[in-house]
Structures are given as C-alpha cells and as structure tokens.
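Take a look at the sequence and the model below. A short tour follows, moving from one detail to the whole chain and then to its partner.

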Amino acid sequence: MSHASDPKKAGAHGDKSLVVEHLRKEYVRGKAVLKDISFTVSGQSTTAIIGPSGTGKSTLLRCINRLIEPTAGRILVSGEDVCALKGTALREARRRIGMVFQEYNLVERLSVMENVLCGRLGYISPWRAWLRKFPQEDIDRAFDLLDMVGLADFARARADELSGGQRQRVGIARAVMQEPHILLADEPTSSLDPKTSVEIMELLRAVAEKRDIPVLVNIHDVTLGRRFSDRVIGMCKGEVLFDDVPSALQDDHLKQIYGGEEWLQ
Amino acid sequence: MSASAIKRPSPFEVNWWARAGYLLVALYCVYAVNALDISFDRIIIGLDNGAKFLGSMFPPVFKRWALLIDNLIETVQIAIISSAFGVAISLPVGLCAARNLMPDWLTWPSRAFIAVCRSFHPVIFAILFVKAVGFGPLAGILTLIFASIGFVAKLFAEAIEEISLKPVEAMRAAGAPFMSVLVYSVLPQVLNRFIGFATYQTDANLRNSTMIGIVGAGGIGGTLAAAFQRFDYGFVCAILISIIALIMVSELLAQRVKGVFR
C-alpha cells in the first residue's frame with residue numbers, strides 16, 4: 001500500500017496498471033459529461049471515486065472497458081491503449097478488466113458456478129461454453145474463489161436463490177475469475193445494508209492485496225470509501241476536484257464536491 | 001372537516017377518448033347487425049337445420065378406419081415436420097428481429113419477412129404452395145412452416161426484447177464473444193418461454209394440418225371435405241371425433257413437455 005500514498009508516481013511499473021489521459025466524453029455534442037480526466041493507478045491499491053449522482057462516475061468506469069465509447073483521450077491498461085482496439089483485440093483487452101456492478105448483473109437462472117465461470121467466457125469458444133466444457137483448472141479455480149468469498153456450499157444453487165450480499169460475492173468471484181489486471185466496481189454496495197457493504201468493501205480490498213492489482217470503486221458513501229481506500233478521487237460535474245490520500249480529504253473538499261454544507265453536520 | 005374544506009380536483013382522471021371509443025364500438029355493432037339482416041328468426045331456423053344435420057351424423061361410421069388412420073398419421077407427420085423446421089428457422093429470424101440486440105439494418109428486413117409470413121392465413125399459403133409443388137403433404141408442410149415462422153419468430157423477438165440487459169452487459173465486459181453472450185445471458189432468460197411458444201405452435205400446426213387438406217395440401221382435411229361432398233355424414237362424424245381425440249392427446253403431451261422444462 002506504500003506506493004499508493006503517492007498517486008502521481010504510480011504507473012511506472014508497467015504491468016497491472018491503468019493510465020487515463022485527458023479522457024473526455026460527450027453524449028450530446030458540445031456537452032461534456034467527462035472533461036479532461038487524467039489519473040494513474042497501479043499495483044496493489046484501492047481507489048475510491050466519490051461525487052454526486054450524475055457526475056459521470058459510472059460513465060468513467062464504462063469508458064475504461066469501452067462499454068461506453070470515449071469521445072477523446074487515451075486509456076492504457078497495463079500499457080495497452082484500449083481506445084484504439086476493435087473486435088477480437090477489444091474483447092481480449094476486456095478480459096483483463098474485471099467489473100463488479102451495482103445490481104450484480106448475474107444470470108438469475110444459471111447456477112452460482114456457471115455465473116462464476118462466465119468470467120472465463122472470453123477465454124473459451126462459444127461451442128465449448130455452451131457444452132459447459134470448461135478446462136478443469138478453471139473449475140478448480142472457481143471452487144477456490146467460491147471458497148474465498150464464502151459460498152463454497154452454493155456452487156450448484158441457482159443465482160436467484162441468493163441474498164443481495166451473496167450475489168455481490170458471486171459478482172466479485174466472476175470478475176476475479178477473469179484474472180484481471182484492474183478491477184472496476186460501480187457502486188458495489190449501493191443495494192446492500194451497511195454491514196454487508198462493509199464486508200463487500202473488505203472483500204474488494206482483499207482482492208487488490210491478494211492479486212496485487214489496482215481496484216477502482218465508485219461509491220456514494222464517503223465514510224465507507226474513505227475507510228477502505230488508500231486514495232480518493234473526488235469528482236464534480238465531470239471534473240476531478242480532489243485526488244489524494246483519504247486522510248487529506250477535508251470538509252471543505254466535500255463542500256466543493258457535493259455543494260452546500262448543511263448535510264455535513 | 002366540513003364540506004367547505006379545500007376543494008381538490010378528482011384524483012382519478014377521466015379518459016374521454018376511451019369513453020367515446022367504447023360508445024362508437026357499441027353503436028357500430030348495432031348498425032352492423034341491422035345492415036347484415038341478422039334476426040332472431042333466422043337463428044331459430046338455423047338451429048333447427050343444425051339439429052337435423054347433427055342427427056344425420058349419428059351414429060358415426062368407422063367402417064373405413066384404415067383410410068382414417070392413414071390420414072391421421074399423415075396429418076401428424078405434417079404437423080411435426082413443419083413445427084420442427086418452423087421453430088428452427090424462427091430462432092435465428094426472431095433473434096435478428098430483436099431490436100435490443102441487433103442493429104436496425106438487420107431488424108427491419110427480419111421484421112418485414114415475419115410480417116409477410118403473418119399476413120396470410122395458412123389456407124392462402126396452402127393454395128399458393130399447392131399451385132407451386134402440386135397436391136400432397138409437401139405443400140402442407142411448406143404452408144405450416146411459413147405460418148409457424150410468422151407466429152413463433154415474432155414471439156421469440158418480443159421475448160428477447162423483454163430480457164434484462166444487465167447480464168448481457170456483464171458478459172460483454174468480461175470479453176465474451178457474441179455467441180457466448182447469447183448462450184449465457186440471453187438464452188437462460190428466454191428458454192422457458194421459447195419452449196412454451198414451440199409447444200403451442202406444434203398444437204396449432206396439428207389443428208391447422210387437419211384443415212389445409214381441404215385445399216389439397218395433404219392430411220385428413222381432404223378426406224373430410226370429400227366425405228361432406230358425398231353426404232357421407234357418418235364418416236364425417238368419425239373424422240371429427242378422431243380429430244378431437246388427436247388434439248386432446250397433443251394437449252396432454254404439451255403439458256408434459258412444459259413440465260420437463262419448468
């Protein structure tokens with residue numbers, strides 16, 4: 001966690017890093033949702049992205065794996081510019097970018113094991129995927145990951161039998177299954193109760209440590225974001241207003257990011 | 001609170017357009033009944049004729065059972081072959097017509113094709129195909145394949161359009177190829193409904209295949225029409241009873257099939 005305290009220097013390691021340079025996104029011409037975003041994360045680190053709703057946090061994460069097309073700028077994942085990729089090359093780049101969703105995005109009618117193995121779909125042919133002919137080492141790893149998230153007994157349960165917290169654990173296992181170089185989490189705790197939220201944040205942090213990868217978390221809950229990150233990026237109206245270690249985040253910054261001050265009492 | 005309290009507008013809005021519409025439909029029905037000279041007397045006379053006709057149908061005559069069985073087998077063959085091909089073709093056509101997954105340049109031609117298949121009643125298709133490939137079951141099979149596509153592909157497309165796109169997003173984010181996205185995030189959400197549509201269409205094809213024979217496209221319908229023309233009402237009755245039995249058996253089977261996939 002030591003290098004994360006100096007966020008500006010990160011990225012020099014080469015592998016398992018994310019570099020965002022002058023990223024701009026306009027859904028409507030001339031109206032930018034993201035204006036000139038630049039930052040770098042690398043190695044074992046957890047970065048919390050905070051900011052009011054509609055400020056472009058989700059757009060930012062989805063630009064990184066190109067679920068949303070950036071308008072301008074460069075995005076390097078482990079040194080490779082994903083903005084320049086198309087077709088198969090883009091798919092292969094996406095395998096290195098794990099994503100965890102607010103509403104879990106599991107396939108309800110498939111089993112927990114099948115959902116976790118979905119993380120390997122980028123690595124095997126559709127035909128083998130259809131026949132459920134996953135390599136044995138993938139299945140072994142899936143069992144290990146289910147062990148890690150505490151759902152080993154649920155491998156054959158259907159995803160719609162699980163609670164919210166359990167579903168999010170499956171979502172995390174699925175993302176880790178990709179063997180990602182970076183992990184993006186879009187409001188992973190917003191649909192969960194406070195205790196479960198803490199557990200999910202702990203799990204995300206453990207993933208960053210165990211796999212030695214940067215984790216980016218969009219989060220509404222400032223306290224939670226502060227507690228579980230070693231870097232906070234504060235966004236407002238498509239711009240980065242704050243980018244430093246959590247302890248440097250003062251009430252003044254929060255006033256700037258969210259506007260107003262009554263809510264801080 | 002007294003009645004003089006704040007007067008609020010009614011929270012239930014009145015839809016005058018809908019009311020006017022109901023009134024219009026009611027008035028048109030009255031007008032149409034008059035215009036078509038439908039009267040109670042004619043219905044009474046008709047009932048009398050109908051009773052005489054029904055009387056002459058009993059008892060049913062099963063003397064030509066060998067022909068009956070042959071025809072029934074042909075009917076079932078037409079229904080099953082056309083359902084299998086119809087559903088198999090409907091899968092890709094329905095997928096191509098789903099507007100949430102496919103680009104416009106693909107959905108429009110697919111929707112147009114489905115619309116053409118839907119626009120004609122099977123009897124009209126049957127007449128066309130009898131002209132094209134001659135009398136017999138082949139014309140019937142082609143007819144029902146097209147009828148199936150018109151119905152099943154449209155329902156497939158609608159089912160796909162109603163799925164949640166969240167798992168699709170997750171698969172795409174994981175770098176899954178398009179076919180894997182379909183198999184893992186679309187198919188599980190629609191499979192049950194697909195099975196339902198397919199069994200329903202097989203049932204419908206069975207009923208339709210008893211009828212297209214009337215225009216010469218194979219199956220039991222041809223024999224039925226011939227029996228009518230020869231006033232062989234006993235045999236007509238036997239045919240009708242066997243059709244009812246056939247449909248009931250298929251209903252039973254359809255329920256079993258749906259049970260397996262629940």
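## A helix across the sheet

In this predicted model, helix α6 (residues 164-177) of chain A lies across β6 and β7 (182-186) of chain A. Its direction makes an angle of about 175° with β6(A).

Both strands belong to an open sheet of 6 strands in chain A. The order is β6-β7-β8-β3-β9-β10, and the pairing is mixed. Which strands stand at the edges? They are β6 (97-100) and β10 of chain A. Each has a single partner strand, so one side of each is left without a neighbour in the sheet. From one strand to the next, the twist averages 20°.

Strands of a sheet pair through backbone hydrogen bonds, either parallel or antiparallel. Here is one pair of each kind.

| Strands | Sense | Bridges | Residues standing opposite |
|---|---|---|---|
| β3 (residues 45-50) and β8 (residues 214-218) of chain A | parallel | 5 bridges | A:Thr47 and A:Leu216 |
| β9 (residues 231-236) and β10 (residues 239-244) of chain A | antiparallel | 5 bridges | A:Cys236 and A:Glu239 |

β9(A) and β10(A) form a hairpin with 2 residues between the strands. There, A:Lys237 takes a positive phi near 50°.

## The chain as a whole

Chain A holds 9 helices and 10 strands. Its radius of gyration is 18 Å, close to the 18 Å that the globule rule gives for 265 residues, so chain A is as compact as a globular protein of that length. The C-alpha trace of chain A spans about 55 × 40 × 40 Å along its principal axes.

How much of chain A is buried? Buried residues make up 47% of its 265 residues. Many contacts reach far along the sequence: among those in chain A between residues at least 6 apart, 69% join residues at least 24 apart.

The UniProt record annotates residues 18-262 of chain A as "domain: ABC transporter". Over residues 18-262, chain A is 36% helix and 26% strand. The end C-alpha atoms of that stretch are 36 Å apart.

## Where chain A touches chain B

The contact takes 22 residues from chain A and 18 residues from chain B. On the side of chain A, the elements that give two or more residues are α2 (87-95) and α4 (126-130). The largest share, 4 residues, comes from α2(A). By class, this side of chain A has 11 nonpolar, 5 polar and 6 charged residues.

Key. Residues numbered from 1 in each chain as written. Chains lettered and ligands numbered in written order. Predicted model: local features only at pLDDT ≥ 70, side-chain atom pairs only at ≥ 80, totals over all residues. Contact = placed C-beta atoms within 7 Å. Nonpolar A, V, L, I, M, F, W, Y, C, P; charged D, E, K, R; others polar. Pairing = 2+ DSSP bridges. UniProt positions renumbered as here; feature names shortened; annotations may be inferred. Rg over C-alpha atoms; globule rule 2.2 N^0.38 Å. Buried ≥ 20, exposed ≤ 12 C-beta atoms within 10 Å, placed from the backbone. Axes fitted to C-alpha atoms, helices over the stretch in contact; angles between N-to-C directions.
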